[in-house]
Amino acid sequence: MPVLQAWERLDTERRLVIAGDGPQRQELENWVKEHNARNILFKGFVPLEEQEQLWNTASASIAPSAWQEAGATTILESLGRGRPVIAFAKGAACDHLANPLHGWLMNPDDPGSLTHTLQTVLDTPAARINVMGEQCRAFIREYRSPESWLGAFMEIAEQAAGPGSLPEKHTQES
């Protein structure tokens, strides 16, 4: 609900699109109706073939989890799609968004932080968002691709097993 409340405080004609289904969807839709909230659209489940267009029209992605998520796959997916992320400064979000070109970290203990951050994103010129998007993609290619994960894993495995105990060439297939 905090994202909806923050969005409603903004003076914007831009639209907040909420994709996906979950146990809170009905509660959130009811809140929007009760508060006559503007410019909030629930898309529900989005088939894979329609996701690309949704990503292409987004300026940023919001990952409003207040939990200490270890993997934060939604953040990685957003970065891989070239979309900066708005997230609370907790858990893996701090690692994935350490570079300010990857998105915006909000103070989880400050309710106004979300509204302020959303306004900052809305005020960011499209050219800047595009530069951030390219940096997001580059980050994923360099540090979070399957090849980089495999390389990091193999380094750890070699350290654990001892030098020379693993095959010389490491590929995803091996």
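The buried residues of helix α7 pack against α4 (73-80), α5 (92-96) and β5 (103-106) in this predicted model. The residues concerned are Ile129, Met132, Gly133, Cys136, Phe139 and Ile140, each of which is buried in α7. Around the helix axis they cover an arc of only 120°, which places them on the same side of α7. In an α-helix there are 3.6 residues a turn, so residues three or four places apart point the same way. The face of α7 turned away from the buried side carries Ala127, Asn130, Arg141 and Glu142, which are exposed. Helix α7 comprises 19 residues (126-144), for which a rise of 1.5 Å a residue predicts a span of 27 Å; the C-alpha atoms at its ends are 25 Å apart, in agreement with that expectation.

The packing of α4 with α7 was examined further. The two helices meet at an angle of about 115°, and their axes are 7 Å apart. Helix α4 contributes Leu76, Leu79 and Gly80 to the contact, and α7 contributes Cys136, Arg137, Phe139, Ile140 and Arg144. By class, this contact has five nonpolar, one polar and two charged residues. Cys136, Phe139 and Ile140 are also among the buried residues of α7.

The protein contains eight helices and five strands, and from the N terminus on its elements run α-β-α-β-α-β-α-β-α-β-α-α-α. Its C-alpha atoms fill a box of roughly 65 × 30 × 30 Å along the principal axes. Of the 174 residues, 33% count as buried. Among contacts between residues at least 6 apart in sequence, 55% join residues at least 24 apart.

Three of the strands form an open sheet in the order β3-β4-β5, with parallel pairing. Strands β3 (61-63) and β5 stand at the edges with a single partner strand each, so one side of each lacks a neighbour in the sheet. From one strand to the next the twist averages 15°. The parallel pairing of β3 with β4 (residues 85-88) extends over three bridges, and Ile62 stands opposite Ile86 in β4. Two helices lie across this sheet. Helix α4 lies across β3 and β4 and runs at about 160° to β4, while α6 (residues 111-123) lies across β3, β4 and β5 and runs at about 165° to β5.

Ala87 is located in strand β4. Its relative accessibility is 1%, and Ala87 therefore counts as buried. With neighbours within four places in sequence left aside, Ala87 is in contact with Ala63, Ile75, Ala93, Leu97, Trp104, Leu105 and Met106. The C-alpha atoms of Ala87 and Ile140 are separated by 17 Å, the two residues being 53 residues apart along the chain.

A second buried position, Trp55, lies in helix α3 (residues 48-57). Trp55 has a relative accessibility of 14% and so counts as buried. Residues up to four places away in sequence not being counted, Trp55 touches Ser61, Glu77, Ser78, Arg81 and Arg83. Trp55 and Arg81 are 26 residues apart along the chain, and their C-alpha atoms are separated by 7.0 Å.

Strands β1 and β2 were considered separately. Strand β1 (residues 16-19) pairs with β2 in the parallel sense over four bridges, and Val17 stands opposite Leu41 in β2. In a regular strand the side chains alternate between the two faces of the sheet. Such alternation is found along β2: Ile40, Phe42 and Gly44 point to one face and are buried, whereas Leu41 and Lys43 point to the other and are not.

Strand β2 (40-44) and helix α1 (2-9) are packed against by the buried residues of α2. In α2 (residues 25-34) these are Leu28, Glu29, Trp31 and Val32. Their arc around the axis is only 155°, which puts them on the same side of α2. Lys33 and Glu34 are exposed and are carried on the face of α2 turned away from its buried side. Just after α2, Asn36 takes a positive phi of about 50°.

Note on methods
Residues are numbered from 1 along each chain as its sequence is written. This is a predicted model: local features need pLDDT of at least 70, side-chain atom pairs count only at pLDDT 80 or more; totals for chains, interfaces and linings use all residues. Side-chain values use heavy atoms; hydrogens and water are left out. The expected span of a helix is 1.5 Å times one less than its number of residues. Buried means under 20% relative accessible area, exposed over 50%, partly exposed in between (1.4 Å probe, protein chains only). The arc is that of the directions from the helix axis to the C-beta atoms. Contact means heavy atoms within 4.5 Å. Two strands pair if DSSP finds at least two bridges between them. Axes are lines fitted to C-alpha atoms, for helices over the stretch in contact, and angles run from 0 to 180 degrees between N-to-C directions. Ala, Val, Leu, Ile, Met, Phe, Trp, Tyr, Cys and Pro count as nonpolar, Asp, Glu, Lys and Arg as charged, and the others, Gly among them, as polar.
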